[in-house]
Amino acid sequence: MSSPSAAHKSVLGAITRSLDRVLDTIPVPINTLGCRTAPTENIATDSIKVIPDLSVMISTKGGMFERPVWLMECAFSQSDCDVMRKLDAYVRDIPDLLVVGKILITQAERYASPGSNGSVAQQLRSSDIMTWEEWLHNHSVDDFHWVVVDGHTWFSLSSVEIHVWTRQAGGSPIELDRLDGDEYAVGTLYPTVNLDDINRIFLRGFELIKEDVLWKLVTTNVDQSLLDRMEAWLPPPCALDSTLLTNALALGAWATAYKRYFSWRSELKSTPYNTTPREYSLRRKTAKRLGHRD
């Protein structure tokens, strides 16, 4: 199983850092109650067992017991249908979830390597593999939406959207079919940047976490002073910085494009001419099985 690409992880990483900055201000000792982000947390429900792309966990009893309250997925290396299937399972099997969301990164065209026999391949065979610095030379960071180097498109971007749902008023479970009202928001990072509604619903998510934390503190009979501090806690109205997220997206796009280039060049370098890396790999496996050498 391949690891997620830099484009997949970039915006997730920026959102995780933004969540951390807010959650770290919750005025409750960690040995009483903890609230943390977890990018690789195993979540097992009645219907699935997965590792969400982003989790916010609330822990009690000194961290011995944890439960997810905020889960997000990214649709880049996986399809939007796969992501929605996961979110549906989360909401169905973890009914006390407070927030779920997805980042939908849509490519302008499906990536395809240049093969091994075209003019691009012939040109690249005769040149050294570019370093990361050489790769970025003479290219603007702002051109991340369409990365074309040496005549080949290594990355293309059509749009980036963020969708978030929260629990409904009165404590009713999240409804993924609902695409309006205060319990749903959509924002964009590309081609336009508009995170106003996402910041609004993130604020609602933090308020739901505050209510959850207060309820747990009350049921554990903590000092009134701790309750007072938690009641006075106010999350920031704008948790997400658009510049931070767009910079992360640009870096992720360029890094994904370079990894594609570098991986293809590395395979091409060891592949005989007029043979694709896949054909060469299959030929080697067949020869090995038959006891022949290349």
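The exercises below, each with a worked solution, concern a predicted model of a protein.

**Exercise 1. Overall composition**

State how many helices and strands the protein has, what share of its residues count as buried, and what share of its contacts with a separation of 6 or more joins residues 24 or more positions apart.

Solution. Begin with the secondary structure, in which there are 8 helices and 10 strands. Next take burial, where 46% of the 294 residues count as buried. Finally, turn to the contacts with a separation of 6 or more, of which 67% are between residues 24 or more positions apart.

**Exercise 2. The buried side of α6**

Identify the buried residues of helix α6, explain why they lie on the same side of α6, and name the element against which they pack.

Solution. Helix α6 covers residues 224-232, and its buried residues are L226, L227 and M230. The arc that these residues cover around the axis is only 100°, which puts them on the same side of α6. A general property of helices is helpful here: an α-helix has 3.6 residues a turn, so residues three or four places apart point the same way. The last step is to look for the partner, and the buried residues of α6 are found to pack against α5, which spans 196-219.

**Exercise 3. Two cysteines and the disulfide count**

Determine how many disulfides the structure holds, and decide whether C74 is buried or exposed and whether C81 is buried or exposed.

Solution. The structure holds 0 disulfides. For C74 the relative accessibility is 0%, so this residue counts as buried. For C81 the relative accessibility is 55%, and because exposed means over 50%, C81 counts as exposed.

**Exercise 4. The cavity and its lining**

Find how many cavities of 30 Å³ or more a search of the whole structure gives, and describe the volume and the lining of the largest cavity by class.

Solution. The search of the whole structure finds 1 cavity of 30 Å³ or more, and the volume of the largest cavity is about 40 Å³. Its lining is made up of W165, T166, Q168, I174, E175, R178, D180, E183 and Y184. Sorting that lining by class gives 4 charged, 3 nonpolar and 2 polar residues.

**Exercise 5. The surroundings of M130**

Locate M130, decide whether M130 is buried or exposed, and list which residues M130 contacts beyond its neighbours within four places in sequence.

Solution. M130 sits in the loop that connects α3 (119-125) with α4 (132-136). Its relative accessible area is 16%, and because buried means under 20%, M130 is buried. Once the neighbours within four places in sequence are set aside, M130 is in contact with W135, V149, D150, Y258 and Y261. A further pair to examine is M130 and R265, which are 135 residues apart in sequence, while their C-alpha atoms are 9.4 Å apart in space.

**Exercise 6. Backbone exceptions**

Describe the phi of D150, the phi of N221 and the peptide bond from Y190 to P191, and place each residue concerned in its loop.

Solution. The background to this exercise is that most residues other than glycine have a negative phi, and most peptide bonds are trans. D150, although not a glycine, has a positive phi of about 55°; D150 belongs to the loop between β7 (146-149) and β8 (152-156), and is partly exposed with a relative accessible area of 31%. N221, likewise a residue other than glycine, has a positive phi near 55°; N221 is located in the loop between α5 and α6, and its relative accessible area of 70% makes N221 exposed. The peptide bond from Y190 to P191 is cis, with omega near 5°, and P191 is placed in the loop between β10 (184-190) and α5.

Definitions and conventions
Residues numbered from 1 in each chain as written. Predicted model: local features only at pLDDT ≥ 70, side-chain atom pairs only at ≥ 80, totals over all residues. Heavy atoms only, no water. Buried < 20%, exposed > 50% of the residue type's maximum accessible area, 1.4 Å probe, protein only. Helix = DSSP H or I, 4+ residues; strand = E, 2+ residues; numbered from the N terminus. Arc of directions from axis to C-beta. Contact = heavy atoms within 4.5 Å. Disulfide = S-S within 2.5 Å. 1 Å grid on protein atoms, 1.4 Å probe; cavity = no way out; pocket = protein on both sides within 12 Å on 5 of 7 lines; lining within 4 Å. Points joined across faces, edges and corners; volume = space filled by probe spheres on them. Nonpolar A, V, L, I, M, F, W, Y, C, P; charged D, E, K, R; others polar.
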